[in-house]
There are 2 protein chains.
Amino acid sequence: MHIAITGAAGFLGHRLIQRLLERGELRGEPIRRLTLIDQLEAGAPEAAGVEIVSQARDITAPGAFDAMLDGRPDVIYHLAAVVSSAAEADLELGLAVNFDATRALLEGCRSRGLSATRLVMASSVAAYGGELPETLDDMTALQPQNSYGTQKAMCELLINDYSRRGLVDGLVLRLPTIVIRPGRPNAAASSFASSILREPLNGEEAICPVPTDLDLFVMSPRKVVEALVHGAEVPGEVLGSFRAFMLPGITVSVAEMLETLRELAGQAAVKRIRHEPDARIQAIVGSWPTRFNTRRADRLGFEGDRDFQEIVEAFLVDSGR
Amino acid sequence: MHIAITGAAGFLGHRLIQRLLERGELRGEPIRRLTLIDQLEAGAPEAAGVEIVSQARDITAPGAFDAMLDGRPDVIYHLAAVVSSAAEADLELGLAVNFDATRALLEGCRSRGLSATRLVMASSVAAYGGELPETLDDMTALQPQNSYGTQKAMCELLINDYSRRGLVDGLVLRLPTIVIRPGRPNAAASSFASSILREPLNGEEAICPVPTDLDLFVMSPRKVVEALVHGAEVPGEVLGSFRAFMLPGITVSVAEMLETLRELAGQAAVKRIRHEPDARIQAIVGSWPTRFNTRRADRLGFEGDRDFQEIVEAFLVDSGR
């Protein structure tokens with residue numbers, strides 16, 4: 001089993017590598033080889049019996065995937081992307097990284113006859129937009145209101161078509177908002193969703209820029225990684241007529257998140273949060289859909305978190321407490 | 001008013017040029033210039049006061065749109081495309097003509113600052129597919145099951161994004177099955193839908209390869225051309241959050257089509273149709289959606305045919321009877 005991962009140095013890539021090495025197998029076959037690609041060389045952990053090759057690549061450069069694909073990976077995780085704010089700031093860069101590189105990857109698979117290679121790409125809730133219904137389902141149109149979501153939606157179509165033609169065995173998983181991310185706050189509009197839990201749990205202050213009745217559609221890093229693993233294992237025959245769908249997140253309000261924090265860490269933790277409304281963040285986050293009927297993912301065996309308490313407890317375990 | 005038309009030598013392009021010259025104006029401004037692009041030079045009709053330039057171009061060649069765009073058209077009709085059977089037979093050709101050329105057109109508008117230019121593209125019912133509901137609406141997902149529909153859906157996303165960013169003023173109209181097309185039967189799966197009316201009305205035989213209870217979602221050439229004209233005139237401000245939608249066709253069964261033929265041309269005409277079931281055609285045409293709630297198009301003032309009788313009567317008038 002040879003697994004290739006683009007965006008391997010990112011938060012998700014890192015967690016996925018850990019999980020794969022922990023499992024030692026994928027699709028019932030021992031993992032013998034990992035090829036890791038990122039802009040900067042991703043750290044290659046030691047693992048007995050696994051050959052790990054880390055390559056620094058600009059994936060927009062011609063031939064960037066050649067060495068990786070010449071190794072004929074059985075599974076490719078395509079996680080590399082320019083994030084939403086950067087794609088919005090620079091249309092050319094977003095199209096080059098998020099769309100053209102995906103197309104080059106598909107063409108690379110096609111020209112090498114890698115028709116049995118499972119290509120798993122991460123898409124996003126940002127691909128949804130427009131006049132959305134109260135509850136979305138697998139047949140809700142993608143009418144993205146940002147360039148990142150547009151580029152992801154275009155990739156979904158192309159991966160579906162290459163798969164339908166039997167040129168690759170593709171699958172696209174649309175990810176809910178991931179909480180609780182480790183690390184520090186960043187420029188993402190959704191950064192607060194992790195911050196208002198992570199910082200108080202670490203004894204630090206955090207800012208909540210949105211009203212507490214705001215809903216979010218969330219999934220824990222653990223369950224996202226499990227979904228990526230399952231995404232490699234679910235057979236192509238049962239994927240149905242379109243190979244992109246939303247993962248089963250859970251809908252939770254900020255108030256419920258804070259209540260869970262109170263239950264697990266006490267009122268003192270909740271008091272570390274300052275409420276400072278930010279209209280800009282509220283506008284962005286408030287436009288994201290929060291209620292999904294994820295029938296296709298459920299039917300295919302993808303699993304979400306049981307409740308928000310499980311998410312926080314997993315974070316505490318994962319961060320060594 | 002300078003209007004550019006790609007695919008100008010095609011059936012729709014030809015009818016659109018006729019209609020524009022008949023009107024003499026678009027958006028309340030006299031038409032002074034037409035730039036016509038097609039693989040072979042499109043015939044340029046004579047029209048007083050209108051400069052008509054016809055250019056033979058391979059739109060996949062670099063710079064193919066340069067001369068056209070340097071003329072700073074106010075309206076561009078982008079009708080050029082590789083049809084569904086050809087796009088299915090040759091993935092590279094389909095991607096080059098249907099997607100890459102559209103992207104080049106968008107980039108050409110952007111680099112010249114043609115942000116106020118209205119770009120009207122034709123998309124198709126072939127962009128729909130998968131597990132469709134009984135009645136589709138403006139928020140039904142595009143999950144195309146063919147490469148042509150995939151490429152059109154990708155163009156829709158890109159045109160919407162370029163328009164949202166203010167780089168061009170785009171609009172995509174998804175066309176129902178057009179009946180009655182003039183001319184002869186062709187290789188399209190939907191060819192019979194025109195044939196079973198056109199040929200008997202001309203005193204010739206025709207073959208009906210589908211059961212008479214099959215439904216189709218149809219629009220007359222006249223109404224499609226009127227929709228293209230209206231597509232140039234509807235203000236960008238009212239287009240809403242996604243600039244692609246289905247036009248208001250009408251749902252009609254083959255039995256109703258034949259009944260209309262009987263009413264207008266008698267039983268003798270109906271008797272010229274031989275019923276020879278063709279499983280392949282039935283499978284393709286039977287997979288197309290036939291019931292749409294076209295709320296967005298209706299609200300924007302796009303008009304469909306009143307009933308099937310009007311479609312046949314318009315054909316008789318248009319063909320000089």
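Visitor: Which helices each supply at least two residues of the lining of the largest cavity?

Guide: Helix 5 of chain A and helix 5 (147-164) of chain B each do so. Helices (H or I, at least four residues) and strands (E, at least two) are DSSP runs, numbered from the N terminus. This is a predicted model, in which local features need pLDDT of at least 70 and side-chain atom pairs count only at pLDDT 80 or more, while totals for chains, interfaces and linings use all residues. Residues are numbered from 1 along each chain as its sequence is written, chains are lettered from A and ligands numbered from 1 in the order in which they are written, and side-chain values use heavy atoms, without hydrogens and water.

Visitor: How many cavities of 30 Å³ or more does a search of the whole structure find?

Guide: Rolling a probe the size of a water molecule over the atoms shows where empty space is left. On a 1 Å grid over the protein atoms alone, a cavity is a set of points where a 1.4 Å probe fits but cannot get out, and lining residues have an atom within 4 Å of a point. Points are joined across faces, edges and corners, and the volume is the space filled by probe spheres set on them. Here the search finds 3 cavities of 30 Å³ or more. The largest has a volume of about 170 Å³. Among its 20 lining residues, those closest to its centre are Ala141(A), Leu142(A), Leu157(A), Ala141(B) and Leu142(B). The lining divides into 10 nonpolar, 4 polar and 6 charged residues; Ala, Val, Leu, Ile, Met, Phe, Trp, Tyr, Cys and Pro count as nonpolar, Asp, Glu, Lys and Arg as charged, and the others, Gly among them, as polar.

Visitor: What area is buried between chain A and chain B?

Guide: The area is about 3400 Å², and carbon and sulfur atoms give 49% of it; buried area is the accessible area (1.4 Å probe) lost on putting two parts together, summed over both. The contact (heavy atoms within 4.5 Å) takes 41 residues from chain A and 41 residues from chain B.

Visitor: How many salt bridges are counted between chain A and chain B?

Guide: Side chains of opposite charge can pair when their charged atoms come close. The rule requires a side-chain nitrogen of Lys or Arg within 4 Å of a carboxyl oxygen of Asp or Glu. Over all chains it yields 51 salt bridges, and between chain A and chain B the count is 9. In one pair, Asp100(A) and Arg103(B), the closest N and O atoms are 2.7 Å apart. Asp100(A) lies in helix 4 of chain A and Arg103(B) in helix 4 (residues 91-111) of chain B, so this pair joins two chains. Arg164(A) forms a salt bridge with Glu88(B), at 2.9 Å between the closest N and O atoms.

Visitor: Which elements give two or more residues to the side of chain A that touches chain B?

Guide: They are helix 3 (84-89), helix 4 (91-111), helix 5 (147-164) and helix 10 (295-299) of chain A. Helix 5 of chain A gives the most, with 10 residues. By class, this side has 17 nonpolar, 10 polar and 14 charged residues.

Visitor: Where does Ile180(A) lie?

Guide: Ile180(A) is in the loop between strand 9 (177-178) and helix 6 (191-201) of chain A. The peptide bond from Val179(A) to Ile180(A) is cis, with omega near -5 degrees.

Definitions and conventions: 1 Å grid on protein atoms, 1.4 Å probe; cavity = no way out; pocket = protein on both sides within 12 Å on 5 of 7 lines; lining within 4 Å.
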